[in-house]
Each structure stands twice: as structure tokens, then as C-alpha cells.
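Trainee: Could you take me through one part of this model in close detail? I would like to follow a single piece and see what surrounds it.

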Amino acid sequence: MKLLLLALLAINSVHCSTSMVYVCGSPTATKYHLSPSCRGLSNCNYRIVAISLDSARESNKTLCKWER
Ligand SMILES: [Zn+2]
């Protein structure tokens with residue numbers, strides 16, 4: 001079961017490798033978002049920045065809790 005999950009994650013990450021995600025421009029932001037209108041971004045007081053999923057992961061950002 002765990003192996004299946006890992007396989008699905010691997011397929012998903014390859015498929016989404018060029019997709020863009022959205023992060024709050026705050027230096028303390030730790031999440032990335034699949035939608036710029038996500039409610040997790042609604043309390044961001046900085047500008048919203050579109051970056052590649054790869055660079056979001058490289059800066060140790062994780063998917064926001066609303067979009068899991
Ligand atoms: Zn979000």
C-alpha cells in the first residue's frame with residue numbers, strides 16, 4: 001500500500017514537473033498553492049508570486065493544507 005502511494009507520487013511529480021504554483025511573497029511563507037485564489041493565500045499581505053513547482057520544492061515549501 002505504501003509502495004503504491006510512492007509510485008503514484010512519483011508519477012504525479014513527473015507529470016507536474018513544469019507546472020506553476022503560487023506562493024505568498026512573505027519571507028516566512030512555507031506553503032505553495034495550486035490556485036492563486038486559494039483561501040490559504042487570502043491572508044497574505046505580500047504580493048502573490050507564481051513560481052515553478054520545482055523551485056517551490058527546492059525552497060522546502062509544502063503544499064498548503066487546503067489543497068491536500
Ligand atoms: Zn493553498
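Mentor: Happy to; here is a close look at strand 1 and its surroundings, with a stop at Cys64 and another at Asn60.

Keep in mind that this is a predicted model. The chain has two helices and four strands, and along the sequence they come in the order α-β-β-β-α-β. Of the 68 residues, 16% are buried. Among contacts with a separation of 6 or more, 63% link residues 24 or more positions apart.

Now to strand 1, which spans residues 20-24. Four of its five residues are buried, so by the cut-off of 20 or more other C-beta atoms within 10 Å the strand is mostly covered. Its partner is strand 3, residues 48-52: the two run antiparallel and are joined by five bridges. Within this pairing, Val23 stands opposite Val49 of strand 3.

Val21 is a good place to look at the surroundings. Leaving out residues up to four places away in sequence, Val21 touches Tyr32, His33, Leu34, Ile51, Leu53 and Ala56. Two of these partners, Tyr32 and Ala56, turn up again together with Val21 in the largest nonpolar core. That core holds nine residues: Val21, Tyr22, Val23, Cys24, Ala29, Tyr32, Leu41, Ala56 and Cys64. Strand 1 contributes the most to this core, with four residues. As a general background, nonpolar side chains in soluble globular proteins tend to be buried together.

Cys64 takes us to another member of the core. This residue lies in the segment after strand 4, which covers 62-63. Why is Cys64 classed as buried? Cys64 has 22 C-beta neighbours inside 10 Å, and the cut-off is 20 or more. Setting aside neighbours within four places in sequence, Cys64 is in contact with Lys31, Tyr32, His33, Cys38 and Gly40. Tyr32 and His33 are therefore contacts of both Cys64 and Val21, with a contact meaning C-beta atoms within 7 Å. As for Arg39, its C-alpha atom is 9.7 Å from that of Cys64, and the two residues are 25 apart along the chain.

Asn60 makes a useful contrast. Asn60 sits in the loop between helix 2 (53-58) and strand 4. Is Asn60 buried or exposed? Asn60 is exposed, because it has 7 other C-beta atoms within 10 Å. Its backbone also deserves a look: phi of Asn60 is near 65 degrees, a positive value in a residue other than glycine. Most residues other than glycine have a negative phi.

Key. Residues are numbered from 1 along each chain as its sequence is written. This is a predicted model: local features need pLDDT of at least 70, side-chain atom pairs count only at pLDDT 80 or more; totals for chains, interfaces and linings use all residues. A residue is buried if 20 or more other C-beta atoms lie within 10 Å of its own, exposed if 12 or fewer, and partly exposed in between; C-beta atoms are placed from the backbone. Two residues are in contact if their C-beta atoms, placed from the backbone, lie within 7 Å. Two strands pair if DSSP finds at least two bridges between them. A nonpolar core is a set of buried Ala, Val, Leu, Ile, Met, Phe, Trp, Tyr and Cys residues joined through C-beta atoms within 7 Å.
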